[in-house]
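Please look over the model shown here. The notes after it cover domains, side-chain contacts and backbone angles.

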Amino acid sequence: MRAAKFFIAAQVETGHLCPITMTRASVAALASDEALRVQIMPVLGTNVYDPAFMPWWQKRGMTIGMGMTEKQGGTDVRANITRAEREGDYYRITGHKWFMSAPMSDAFLVLAQVEGGLTCFVMPRFAPDGTVNALRFQRLKDKLGNRSNASSEVEFEGAYALRLGEEGRGIATIIQMVSLTRQDCAIASAGLMRSGLAHALHHARHRSVFGRHLADQPLMRSVLADMALHVEATTALVMRLCRAFDHAPHDPVESATMRLMTPVVKYWVCKSAPAFLHEAMECLGGNGYVEEGILARHYREAPVNAIWEGSGNVMCLDVLRVVLRERDSAAAVLAHLAQEGGDLPDVKAALSATAAALGQPDAEGAARNAVESLAVAAAAVALKAVHPGHAALFAQTRLAQRRGLMYGADDLTPGEIQGLLARALP
C-alpha cells in the first residue's frame, strides 16, 4: 500500500521523496538500539511534517537524513576518515561528509571511525542543551536534477552524536536500511516512467499532424504501445518486489527473493528510466523539451535513482555477493521464477543462462548482462500475474526475439497495440 502511494507521488514530484525514504528506512537501523528507538519513534512515526527549526524532541514530527560518503572514499565507506571520540554516554564527531542528503532534516545517521572500527551514529541538529549542533554546512550541491531536495557538503566540528549499534558494526547497522532505500529508488523510477507515458499518450491523442491525431498514426502507435508494455512490466516487477518485502519475515523463499532481487530490480528499473523519459519527451516534440511541461523535470530527475544508494556496478556486485554467499537460496528464487513463468517465451532459457553466468568464477565481467536478463525474465513473470497476454508479449519482444535498441522497433500486431494503448491510459 505504501509503495502504491509512493508510486503515485513520484509522478507529481520526486524531490521530497528523498527525506521520506530516509526517514522511513532509518527505522530499520534504529532497531539496533531499542532504547533510542523507543525515544525517537513517537516523533518519527507521525504523519505530520513540522518545519520548525528546533530540537526534534520538541516537534510534532521529524525527518532523518544520512551522511555516509566522503571525498576520498565515495561508495567505499570503509575508507572514511571522520573520527568519533567518546565523552561519557555520547560521542564528539570531527570530519567531513562529501554528500549529506536532506540537510534540513532533524537528525542524521552518519558513519565515523572509533577504536573498534567504522561505527554508525545518530547526530541531531541540536545538542541536548538546546544549542545548535556543530554541523557546518559548506555548500549545497549544484545538481543536474533533484533540485527540490537539497544535498550538502558538511564539516563536523566536535558534533554531538549518539552511537547506534555496536562499535565496528557501522556497515552492518546501516545496511538494514539500504534495501528499503533501494526499493524506493525503483518505485520512484517506475512512477516517473508511468508519468512520462501518461503525458505522451495524452499529447498524442490530442495533437493533430498531417491531418490525423498522432495516436492514430501507425509509427507513433508502435512507439507508444512499446512504451506502455515496458511501464506495465516495470510496475508489476516493482510491486512484486514489494510483496516479497511484506512476506519475507514468514516465508524463506520470499526472504531470499527480497535479498537477491532488490539490487536486480533497482539496477534495471532505475537505469531504464532516463532513456524512457527521453522517448516520452520526444513524443511531445519541442513542447516536451521546454520547462513549462513536466517531462524536462522528470528527465533531469531520473538519473539520481540509478546513482544514489549504489550505482549499476555496485548493484551487480551485490547480486554476485548474494549468489556466492547464499547459493541454495538464490537457486530457489530462480527455480520459483522458472516454475511461475515456465510457459512464457524464453523465460526458462533466460533464467538458466543467468544462473550459469552468475555461477562462473569470473562472473563479474558478465554480471551486467546476466542481471539485466534476470530482471527482464522476472518482470515477465510478475506481469503474468496481472495480465498473462501482455506478459507473453513482453517476454516475446524482450527475450525470445532479437530486439532493437529503440522503442517501437518490435513487430506488434494492430490488436496488440490497441490493447496496450487502451489499458495504459483509459
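What follows is a short tour of the model, from its domains down to single residues.

**Domains**

This is a predicted model. The domain assignment splits the protein chain into domain 1 (33-164) and domain 2 (173-424). Their C-alpha centres lie 34 Å apart. The contact takes 11 residues from domain 1 and 10 residues from domain 2. Together the two domains bury about 890 Å². Carbon and sulfur atoms carry 70% of that area. On the domain 1 side, Met66, Leu144 and Asn146 supply 47% of the area buried against domain 2, more than any other three residues. What about charge pairing? Across the interface of domain 1 and domain 2 there are zero salt bridges.

**Salt bridges**

The structure as a whole holds 21 salt bridges. Side chains of opposite charge can pair when their charged atoms come close. The table lists some of these pairs.

| Residue 1 | Residue 2 | N to O distance |
|---|---|---|
| arginine 60 | aspartate 50 | 3.6 Å |
| aspartate 142 | arginine 147 | 3.0 Å |
| aspartate 226 | arginine 398 | 2.9 Å |

Consider the salt bridge of aspartate 226 and arginine 398. Aspartate 226 is in helix H5 (residues 218-247) and arginine 398 is in helix H12, 172 residues apart. Are these two side chains buried or exposed? Aspartate 226 is buried, because its relative accessible area is 1%. Arginine 398 is buried too, at 14%. Elsewhere, salt bridges with shared partners join Arg2, Arg24 and Asp184 into one network.

The other two pairs have other settings. Arginine 60 is exposed at 52% relative accessible area, whereas aspartate 50 is buried at 8%. In the pair of aspartate 142 and arginine 147, both residues are exposed.

**Aromatic pairs**

A pair of aromatic rings is described by the distance of the centres and the angle of the planes. The count comes to six aromatic pairs. One of them joins phenylalanine 53 and phenylalanine 126. This pair is tilted, with 4.8 Å centre to centre and 55 degrees between the planes. Phenylalanine 53 lies in the loop between helix H3 (34-44) and strand S1 (64-67), and phenylalanine 126 in the loop between strand S5 (117-124) and strand S6 (135-140), so the pair ties together parts 73 residues apart in sequence. Phenylalanine 53 counts as exposed at 54% relative accessibility. Phenylalanine 126 counts as buried at 6%.

Phenylalanine 276 and tyrosine 407 form an edge-to-face pair, 5.5 Å centre to centre with 85 degrees between the planes. Phenylalanine 276 lies in helix H6 (residues 252-283) and tyrosine 407 in the loop between helix H12 (388-400) and helix H13 (414-424), so this pair ties together parts 131 residues apart in sequence. Phenylalanine 276 is buried at 0% relative accessible area. Tyrosine 407 is buried at 14%.

**A charge over two rings**

The charged end of lysine 141 sits over the ring of tryptophan 98, 3.5 Å from its centre. The charged end of lysine 141 also sits over the ring of phenylalanine 99, 4.8 Å from that centre.

**Positive phi**

Most residues other than glycine have a negative phi. Where does alanine 102 sit? Alanine 102, with a positive phi near 50 degrees, is found in the loop between strand S3 (90-101) and strand S4 (107-114). Alanine 102 counts as buried at 0% relative accessibility. Glutamate 309 has a positive phi near 60 degrees. Its place is in the loop between helix H7 (295-307) and helix H8 (312-325). Glutamate 309 counts as buried at 14% relative accessibility.

Terms used. Residues numbered from 1 in each chain as written. Predicted model: local features only at pLDDT ≥ 70, side-chain atom pairs only at ≥ 80, totals over all residues. Heavy atoms only, no water. Phe/Tyr/Trp six-rings, centres within 6.5 Å; stacked < 30°, edge-to-face > 60°. Helix = DSSP H or I, 4+ residues; strand = E, 2+ residues; numbered from the N terminus. Buried < 20%, exposed > 50% of the residue type's maximum accessible area, 1.4 Å probe, protein only. Lys NZ or Arg CZ within 6 Å of the ring centre and 35° of its normal. Domains from an automatic or database assignment. Contact = heavy atoms within 4.5 Å. Buried area = accessible area lost by both parts, 1.4 Å probe. Salt bridge = Lys/Arg side-chain N within 4 Å of Asp/Glu carboxyl O.
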